[in-house]
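Subject: Structure for your review

Dear colleague,

Please find below the structure that I would like to hand over to you. My findings follow it, and I would ask you to read them with the structure open.

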Amino acid sequence: FHTRWTLSYLRGPLSRDQIRLLMGERARPRPATAPAVATSAKSPSPMREPASGGQAPVLPPGIQQVFLPAATPGGAPVYSPGVLGSARVSFSDPKLGVDVSRDVVYLASVSDAAVALDWTGAQALDIDVASLRNAPDPGASFEPLPASAAQPRNYATWQKAFARWLAQEQKIELLRHRETGLTSRPDEPERDFRIRVQDAARTARDRAVEQVREKYASKQAAFVEKLRRAEATVGRESEQASQQKLQTAVSLGATLFGALLGRKVVSAGTLGRATTAVRGVGRSMKESTDVQRASETVGAVKAQQQQLEAQMQEETRGIAAAFERPAELEQLTLAPRRGQVSVQLIALGWDPE
């Protein structure tokens with residue numbers, strides 16, 4: 001807690017003469033032509049006179065004053081009055097995944113005009129409230145303080161106006177990529193956000209391609225098994241056909257050999273062997289047909305397998321083409337909602353600049 005005059009409340013409000021009496025030893029010597037004590041009713045109020053000796057004007061209770069740090073330390077600054085406001089402004093949108101807050105500090109000029117203070121012309125200060133000082137620099141002097149800034153009730157009005165103005169003035173601009181669902185961070189450069197979108201798009205593309213491959217994996221496995229069985233059938237039928245051909249050839253050769261060398265040109269045994277050889281030729285032809293049919297089955301399975309592979313490749317290329325298009329970003333503007341502007345400080349601010 002800081003007070004200007006301790007225990008002064010025991011006497012009640014101080015008169016101008018009492019204030020001059022208390023400040024007499026500290027006051028800077030006046031020119032000889034100036035009256036020692038101004039008793040006229042038209043004399044300027046002590047609050048409107050520049051204080052001297054590094055002391056700020058005497059303020060009534062209820063007004064907090066702060067001093068901005070000088071950009072270049074040293075020297076004797078001349079402080080000009082203003083009204084300083086500090087607040088925390090929050091922005092949130094659960095759908096966009098945005099929940100951020102920022103601390104803002106503004107300094108508005110104050111006067112005795114009909115509109116003593118207008119926040120629309122306030123200057124944004126890039127300082128931390130913790131860097132504000134409670135006392136002026138040594139040897140500082142002060143510009144006149146408007147009467148409106150010496151009335152405590154005005155600060156409550158200015159605080160409400162400050163909160164309303166911030167609710168309308170404070171906004172954050174964001175970028176949104178609908179396909180990936182990403183939203184830029186406050187003050188994130190567009191280039192950095194596009195890089196994040198590209199990384200997310202590549203990840204989404206790889207995931208989509210993997211899902212397509214998983215979808216076709218069972219069908220591919222079925223075709224592989226079907227092809228294996230078909231090729232096994234071809235091998236078995238080919239072996240049976242070879243054996244049958246060999247057996248038929250042996251039987252036919254034996255029949256012919258027996259018919260040529262036997263004593264009887266035609267005998268029952270010769271006819272039986274001939275009939276068996278003819279049946280063997282028929283079985284050989286059947287086995288050859290089975291081999292051909294099995295080979296055709298292998299060809300059909302391979303064609304279906306290639307068709308499935310081409311279908312998967314086409315779907316994969318479609319996914320890749322969809323993600324290779326330039327990212328389309330939409331602009332979003334977020335303003336603070338009701339209750340998201342919290343005023344932390346309204347005070348008389350002395351600016352050394």
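Which residue of S9 does Leu-84 stand opposite? The residue is Ala-347. Please keep in mind throughout that this is a predicted model.

**Strand S2 and its partners**

Leu-84 leads us to the pairing of strand S2 (residues 78-93) with strand S9 (residues 341-351), in which 10 bridges link the two in the antiparallel sense. Strand S3 (residues 98-108) is also antiparallel to S2, and 11 bridges join them. Within that pairing, Ser-92 has Asp-99 of S3 opposite it. S2 and S3 make up a hairpin, with four residues lying between the two strands. One residue of the turn, Gly-97, has a positive phi of about 70°.

A parallel pairing is found as well: S2 and strand S5 (residues 141-142) are joined by two bridges. Here Val-78 has Ser-141 as its bridge partner.

Is S2 largely enclosed or not by the rest of the structure? It is largely enclosed, because 12 of its 16 residues are buried.

**Asp-137**

Asp-137 lies in the loop that runs between strand S4 (123-124) and S5. Its relative accessible area is 14%, and the cut-off for a buried residue is under 20%, so Asp-137 counts as buried. Its side chain makes a polar contact of 2.7 Å with the side chain of Arg-133. If neighbours within four places in sequence are left aside, Asp-137 is in contact with Ala-70, Pro-77 and Tyr-79.

**The nonpolar cores**

In soluble globular proteins, nonpolar side chains tend to be buried together. In this model, the largest nonpolar core holds 36 residues, and Trp-119 and Leu-166 have the most contacts inside it. The elements that contribute two or more residues to this core are S2, S3, S9, helix H2 (152-169), strand S6 (172-177) and strand S8 (330-334).

What does Leu-166 contact, once its neighbours within four places in sequence are left aside? The residues in contact with Leu-166 are Ala-87, Val-89, Val-104, Tyr-106, Pro-336 and Val-341.

There is also a second, separate core, which has nine residues. Among them are Leu-68, Val-105, Leu-132 and Leu-345.

I suggest that you begin by locating S2 in the structure and then follow the pairings described above.

Yours sincerely,
A colleague

Note on methods
Residues are numbered from 1 along each chain as its sequence is written. This is a predicted model: local features need pLDDT of at least 70, side-chain atom pairs count only at pLDDT 80 or more; totals for chains, interfaces and linings use all residues. Side-chain values use heavy atoms; hydrogens and water are left out. Buried means under 20% relative accessible area, exposed over 50%, partly exposed in between (1.4 Å probe, protein chains only). Two strands pair if DSSP finds at least two bridges between them. A polar contact is a pair of N or O atoms within 3.5 Å; within protein, one must be able to donate a hydrogen and the other to accept it, and residues adjacent in sequence count only if both atoms are side-chain atoms. Contact means heavy atoms within 4.5 Å. A nonpolar core is a set of buried Ala, Val, Leu, Ile, Met, Phe, Trp, Tyr and Cys residues joined through side-chain atoms within 4.5 Å.
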